[in-house]
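This report looks at how a ligand is held by its protein, and then at two points of backbone geometry. Please keep the sequence and the structure in view while reading.

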Amino acid sequence: MDKFVIEGGKRLKGDIYVSGAKNSVVALLPATLLLDVPCVIENVPDISDVEICLTILRELGASVEKLREGTYRISTLDVTSTEVPAELARKMRASYYFLGALLGRSHRAVAAMPGGCNLGERPIDQHLLAFEALGAETTLIKKIDNDGTAYIDAVELKAEHLYGSNISLNVVSVGATMNAILAAVKAEGITVIENCAREPHIVDLANFLNYMGAHISGAGTHKITIEGTPVLLGNDALEGSVEERIYSVVPDQIEAGTFMVAAAATRGDVLIHGVIPHHMKDIAERLQECGVTVEEVESADRQEVCIRVSVSENRRLHPTNIKTEPYPGFPTDMQPQMAALLCIVDGQSNISEQVWEDRFRYVAELRRMGAHINTTHDGAIIFGVPGLHGARVKACDLRAGAAMIIAGLAAEGTTEITDIYHIERGYSHIVDKLRGIGADMKWISE
Ligand code: EPZ
């Protein structure tokens, strides 16, 4: 089993580069099924969730060509299958985007219930509500487990025709908003999705599809309107050009936030490149409340605005309170990382988790490193301690794993993190990137 070994207590210092967003690319890749021309996608992160998406595309019959690191040419013109291989669908949460994309393309889709991080109950009722509103018939394929309990194993969607419709989501859901867009983009007529999620990856999906010829407006607000388009040829292609469209995945807000918190926790001085500063506003504000300096600065070549996070070496940091909310609120996907930092500030911080029912499994791991944390039914109270010590801990899920890395970087002594396959799902070249700014961190294969 592979593990990360970190010798903590090193101040992170230097320049670090953010990759394309995991939660965007895992929707963009299925979205290529809706295109009537090949396309090129760049800034694709090197993570295992992308590998799974690309494998699913190939299994469905798509041609996927790696042009260079992080850049793929994808043609889905020859895809005929409408069934996502079950073992691949179960490996990741975002496999549910193949349901929306295949339904939009072929009016039929079958996929096993998705896997992904265990954060408590993760229903998909809002996705099904959207598909049904557009005219799909949904069938839940049930199986019986060893205890004799029935469970939903897979979903089948079928539609004679997809019609634009009004979809009012009962819950603000990233996945349901994305899936509603994917299924509606080629439906006949106008679709209006209300109570949408507004995350940067939703805007990115809409930008990508619009770039390829779709008519989606309002992404990034609570209401998205889609005028159905029967073919997506890319705008240049429509004008007679033979050039393929190249789309670059939006920078990963959560990876950038993870680097910001790692810099703060090690009393470092780090310049984060390839970030969109306004996506980071709430994270930056919480760090500033702790006494961390967060500034927008121009890169040396003046080509981009970066974020610099710095803390002077002996400065003690203050506590803060966090309530996770859909964007533009504080992201639940940054909650464990921020908790790792709050373990080593002076005083008491409160965390309220409003998105997932079970996102505190990492607390037991941080306690092994000397953290003082009490959990409540939907939150945690963190009593800051002067410092953490290295220990053997596990990555309970992706962001919990990122929290272990931050804690290990800040702690005195050696931290070993196991179950790192969770971290590989979402962080591209994390060891090399952190070593590049001074972390003493190794990836050990056993
Ligand atoms: C996405 O999950 C992300 N995953 C998650 O990132 C992230 O934590 C989450 O959005 C919130 O930002 C991907 O993008 C692949 P939701 P998703 O639908 O779409 C409830 C990470 O670490 N809900 O926005 O599955 C649900 O139970 C991962 O990168 C329903 O009730 O999340 C939750 O309480 C983990 N019915 C809330 O909505 C539904 O049909 C938000 O979930 C769907 C969701």
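Which side chain has an N or O atom 2.8 Å from a nitrogen atom of the ligand?

## Polar contacts of the ligand

In this predicted model, the side chain is that of D125, which places an N or O atom 2.8 Å from a nitrogen atom of the ligand. Two oxygen contacts can be described beside it: a polar side-chain atom of R122 lies 3.2 Å from an oxygen atom of the ligand, while G175 contributes through its backbone, with an N or O atom 2.8 Å from an oxygen atom of the ligand. The ligand would expose 830 Å² if taken alone, and the protein buries 89% of that area.

## The shell and its origin

The ligand sits in the largest pocket, and 25 residues surround it, of which S173, V174, D333, V355 and R399 come nearest. By residue class, the shell around the ligand divides into 11 nonpolar, 6 polar and 8 charged residues.

Four helices, α1 (22–31), α5 (125–133), α6 (174–184) and α13 (398–410), each supply at least two residues of this shell, and α5 gives the most, with 3 residues. At the level of domains, both domain 1 (2–19 + 252–445) and domain 2 (22–248) give residues to the shell, and the ligand therefore lies between them.

## Backbone geometry in two loops

Most residues other than glycine have a negative phi, and most peptide bonds are trans. Against that background, two sites in the model deserve a separate look.

The peptide bond from Y327 to P328 is cis, with omega near 10 degrees, and P328 is found in the loop that runs between β17 (322–323) and α11 (335–342). R302, although it is not a glycine, has a positive phi of about 60 degrees; this residue lies in the loop between β15 (293–298) and β16 (305–310).

Terms used:
Residues are numbered from 1 along each chain as its sequence is written. This is a predicted model: local features need pLDDT of at least 70, side-chain atom pairs count only at pLDDT 80 or more; totals for chains, interfaces and linings use all residues. Side-chain values use heavy atoms; hydrogens and water are left out. A residue is near a molecule or strand if one of its heavy atoms lies within 4 Å of it. A polar contact is a pair of N or O atoms within 3.5 Å; within protein, one must be able to donate a hydrogen and the other to accept it, and residues adjacent in sequence count only if both atoms are side-chain atoms. Accessible areas come from the Shrake-Rupley method with a 1.4 Å probe; for residues, only the protein chains shown count as cover. On a 1 Å grid over the protein atoms alone, a cavity is a set of points where a 1.4 Å probe fits but cannot get out, and a pocket is an open set with protein on both sides within 12 Å along at least five of seven lines; lining residues have an atom within 4 Å of a point. A molecule sits in a cavity or pocket if more than half of its atoms lie within 2 Å of its grid points. Ala, Val, Leu, Ile, Met, Phe, Trp, Tyr, Cys and Pro count as nonpolar, Asp, Glu, Lys and Arg as charged, and the others, Gly among them, as polar. Domain bounds come from an automatic or database domain assignment.
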